[in-house]
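Dear colleague,

I am passing on the structure below, together with notes on what was found in it. Please read the notes alongside the coordinates.

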Amino acid sequence: MEKKNLLYEGKAKKMYQTSDEHVIWVEYLDQATALNGLMKDQITGKGELNNQITSKIFYYLSEQGIENHFIRQLSKTEQLVSKLEILPLEVVVRNVAAGSFSKRLAVPEGQKLTMPIVEFYYKEDRLDDPFINDEHVKFLNIANQEEIEELKQQAKRINQVLIQLFQKIDLQLIDFKLEFGKKQDGTIILGDEISPDTCRLWDQKTNEHMDKDVYRRKIGEIVPVYQEVLTRLTQLGL
C-alpha cells in the first residue's frame, strides 16, 4: 500500500490518499484540543496512544460483529481505514450525566441515567458543533428518518458492547462520541476513532478521570492516563 497526497488535516489526524482509491491512510497527531479549539497544545506521545487504543477497540468491535471502517494498524501512529462519505454529525451516547449534559439540564454530574440517551450534534466548527434534534438532521439533509433510526440503533448497540469491554478493565463508560459514514452502496457504518479523546471514562474504583477531561479541566496529564487505558486493554489480550 502506497501513501499518496494529503486529503485532510484535522485537529488530531491527517488523512492521505493511497494507491487503493477505497482506502485511506490515517496518521494520528501529537496534538490535544478542547472547547472547539480554544485550547490547543502539542503533547508528545499522544498520537501513538490514540492510534493504538483506537485500533484495539475497533478490532474488538469487528470481533463483536459491528461493521466499521478499520482495516489494520500500520505503525504506532498510523492505520488504514476504508474510505467513507462521513456524515457531518456527531452521535453522542450518554450513560451518566456529565459535561455539557449536566450544565444544560442542571443534572448533577455523576448521576446515572435511567436509560442511555442518544444526542446529535451538527459538525460545523463555525457554529461550535451545535446540539440538534431529528428534525434538524432531516432539514439539513444529513440523514432521512430511516437513517436516523439506523444511527440510533447502531449507537446503542455499540454502547452495550463498549460498556462490557470497559467493565473488563475497571472503567465506567460515562459518555462518548461516534461518527458514521456511508460506504459506496449507501450502507452506514462506524468511522473516525474511539479513544479517551472521544469517550468519558471513569475508574470504577476511584472515579478518577481516565480521558481528555484531565486536559480539558486541567486536572492531570494526558499521556500517563492514556497509557494506563492502553495498558489495561493490552493486558486484556487485545
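Two strands are taken to pair if DSSP finds at least two bridges between them, and the elements themselves are DSSP runs numbered from the N terminus, with helices being H or I runs of at least four residues and strands E runs of at least two. This is a predicted model, in which local features need pLDDT of at least 70 and side-chain atom pairs count only at pLDDT 80 or more, while totals for chains, interfaces and linings use all residues. Residues are numbered from 1 along each chain as its sequence is written, and side-chain values use heavy atoms, with hydrogens and water left out.

I begin with the strands. Strand β6 (residues 70-73) runs antiparallel to strand β7 (residues 78-82), and 3 bridges join the two. The connection between β6 and β7 is a hairpin of 4 residues. Within this pair, Arg-72 has Leu-80 of β7 as its bridge partner, and Gln-73 is partnered in β7 by Gln-79. Both strands belong to an open sheet of 5 strands, in the order β1-β2-β3-β7-β6, whose pairing is antiparallel. Its edge strands are β1 (3-9) and β6, each of which pairs on one side only. The twist of this sheet averages 30 degrees from one strand to the next, where axes are lines fitted to C-alpha atoms (for helices over the stretch in contact) and angles run from 0 to 180 degrees between N-to-C directions.

The next item is the second largest pocket, a pocket being an open set of points on a 1 Å grid over the protein atoms alone, with protein on both sides within 12 Å along at least five of seven lines, whereas a cavity is a set where a 1.4 Å probe fits but cannot get out. Its volume is about 200 Å³, counted as the space filled by probe spheres set on the points, which are joined across faces, edges and corners. The lining, made of residues with an atom within 4 Å of a point, includes Asn-95, Lys-112, Met-115, Asn-159 and Gln-204. At least two lining residues come from each of β9 (89-96), β10 (112-122), α4 (145-168) and β12 (171-182), and β10 gives the most, with 4 residues. By class the lining has 6 nonpolar, 5 polar and 1 charged residues, with Ala, Val, Leu, Ile, Met, Phe, Trp, Tyr, Cys and Pro counted as nonpolar, Asp, Glu, Lys and Arg as charged, and the others, Gly among them, as polar.

Two loop residues deserve a look at their backbone. Asp-128, in the loop between β10 and β11 (131-132), has a positive phi of about 60 degrees although it is not a glycine. Asn-207, in the loop between β14 (199-203) and α5 (213-216), likewise is not a glycine and has a positive phi of about 65 degrees. Asp-128 is partly exposed, at a relative accessible area of 48%, and Asn-207 is partly exposed at 44%; buried means under 20%, exposed over 50%, and partly exposed in between, with a 1.4 Å probe and protein chains only.

With regards
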